[in-house]
Amino acid sequence: MQYIKYFNQDAYTNIAMDAWLLKNLKPEKPVFSLWQNKRAVIIGENQNTFAEVNSDYIDSHDVQVVRRVSGGGAVYHDLGNICFTFFVPVASSATVDFHQFVQPMADALKSVGINVEISGRNDLEIAGKKVSGNAQRYAGGYLMHHGTLLWDIDVDAMVRSLNVADEKFISKAAKSVRARVGNIKDYAPENLTIDEFINKLMYYLTDEGRDGEFELTPEQKADILKLRDEKFSQWAWNYGKSPNFMYNNHAKYNGGSINVQIDVDNGFITDINFTGDFLGVRDWREMKADLIGIPFKREAIARVLEDNKDGQYFGSITTSELLETFFQKDEVKTNG
């Protein structure tokens with residue numbers, strides 16, 4: 001197979017590139033790419049981003065959040081992870097079989113001396129531990145099959161980036177992940193580096209280098225970057241496309257207890273209610289209109305709370321405490 005070079009390690013760009021190539025490349029024969037993202041959480045097309053990520057951690061650790069165009073669950077990427085994508089002409093989506101497209105990567109891993117097995121419908125395992133997850137999307141006569149290869153993933157960052165926000169459960173969750181997920185490095189030939197590993201996979205998949213590169217034109221590259229800028233780097237796609245949901249949380253501070261219930265539609269707050277024994281100097285409903293219609297986004301909510309702090313609507317509960325009440329998840333329930 002010929003290979004395509006992805007631009008860089010920016011997740012917005014790489015996920016945009018996957019989507020653009022699926023729709024526009026139209027190769028006569030299968031092509032593939034091996035690529036990497038810096039720290040990122042990649043959300044399945046139909047998932048609720050707000051329910052999948054730990055907002056506090058990703059905001060403070062420069063973790064990108066990007067929604068892909070294929071289904072499946074949220075996955076964590078970093079430079080200890082290798083991503084792969086196959087673009088394959090397929091006559092009909094009815095003929096698509098996960099096993100058929102997982103097999104080439106399994107064969108490539110075996111060529112490097114790594115004894116991997118296909119597990120279930122779309123995973124690769126070594127010694128009973130998952131080292132690769134896969135997803136697919138069919139469009140216009142072409143199948144995009146993409147997945148991950150966990151070479152040396154940062155499990156703690158993975159757990160903290162996803163929806164485990166409570167410190168009490170972090171170590172337990174990490175232990176559970178380590179029991180189920182493996183790093184390929186631990187099963188690879190001794191002293192094999194990640195760059196050597198990528199090069200060996202590339203060598204195998206290109207028929208020992210004979211197939212060469214599928215080169216994109218400058219115009220195609222420009223289109224991909226435009227798609228990144230206009231869609232895949234945008235909050236409206238990565239968060240706003242989440243299903244409508246209801247957010248509930250309870251917190252207790254020195255200034256009293258507070259409950260918040262929020263309805264979110266296309267990423268925007270459509271209704272909000274506070275209850276609790278906080279000692280507000282003024283009725284918080286006076287500021288309710290300021291919260292309706294804004295994005296369910298930390299910066300937007302922080303701006304409204306800061307603008308209204310002199311009203312002491314929540315007594316001595318501070319603006320920073322209020323903000324945490326919005327984003328320390330107790331329950332996020334998708335409507336419907």
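Me: Over how many bridges do strand 6 and strand 10 pair?
Reply: Bear in mind that this is a predicted model. Strand 6 covers residues 81–89, and strand 10 covers residues 142–150. One pair to look at is N81, which stands opposite L150 in strand 10. The two strands run in the antiparallel sense, and the number of bridges is nine.

Me: And what about strand 9 and strand 10, which residue is the bridge partner of R137?
Reply: Strand 9 (residues 129–139) pairs with strand 10 in the antiparallel sense too, over six bridges. Along that pairing, A135 stands opposite H146. For R137, the bridge partner in strand 10 is M144.

Me: Which residue takes a positive phi in the hairpin of strand 9 and strand 10?
Reply: Strand 9 ends at residue 139 and strand 10 starts at residue 142. That hairpin has two residues between the strands. The one with a positive phi, near 60 degrees, is G140.

Me: Which strands stand at the edges of the sheet?
Reply: The sheet is open, with seven strands in the order 1-2-6-10-9-8-7 and mixed pairing. An edge strand has a single partner, so one side of it is left without a neighbour in the sheet. That describes strand 1 (2–3) and strand 7 (117–119).

Me: How many residues of strand 10 are buried?
Reply: In a regular strand the side chains alternate between the two faces of the sheet. Here Y142, M144, H146, T148 and L150 point one way, while L143, H145, G147 and L149 point the other way, and all are buried. So strand 10 is mostly covered, and the count is nine of nine.

Me: At what angle does helix 7 run to strand 2?
Reply: Helix 7 is residues 194–205, and strand 2 is residues 31–35. Helix 7 lies across strand 1, strand 2, strand 6 and strand 10. To strand 2, the angle is about 180 degrees.

Me: Are helix 4 and helix 7 perpendicular or oblique to each other?
Reply: Their axes come within 9 Å and cross at roughly 120 degrees. Roughly perpendicular stops at 115 degrees. The two helices are therefore oblique.

Me: How many nonpolar residues are in the contact of helix 4 with helix 7?
Reply: From helix 4 come P104, M105, D107, A108, L109 and S111, and they meet F197, L201, Y204 and L205 in helix 7. One residue of this contact is polar and one is charged, and the nonpolar ones number eight.

Notes:
Residues numbered from 1 in each chain as written. Predicted model: local features only at pLDDT ≥ 70, side-chain atom pairs only at ≥ 80, totals over all residues. Heavy atoms only, no water. Axes fitted to C-alpha atoms, helices over the stretch in contact; angles between N-to-C directions. Helix = DSSP H or I, 4+ residues; strand = E, 2+ residues; numbered from the N terminus. Parallel < 35°, antiparallel > 145°, perpendicular 65-115°, else oblique. Contact = heavy atoms within 4.5 Å. Nonpolar A, V, L, I, M, F, W, Y, C, P; charged D, E, K, R; others polar. Pairing = 2+ DSSP bridges. Buried < 20%, exposed > 50% of the residue type's maximum accessible area, 1.4 Å probe, protein only.
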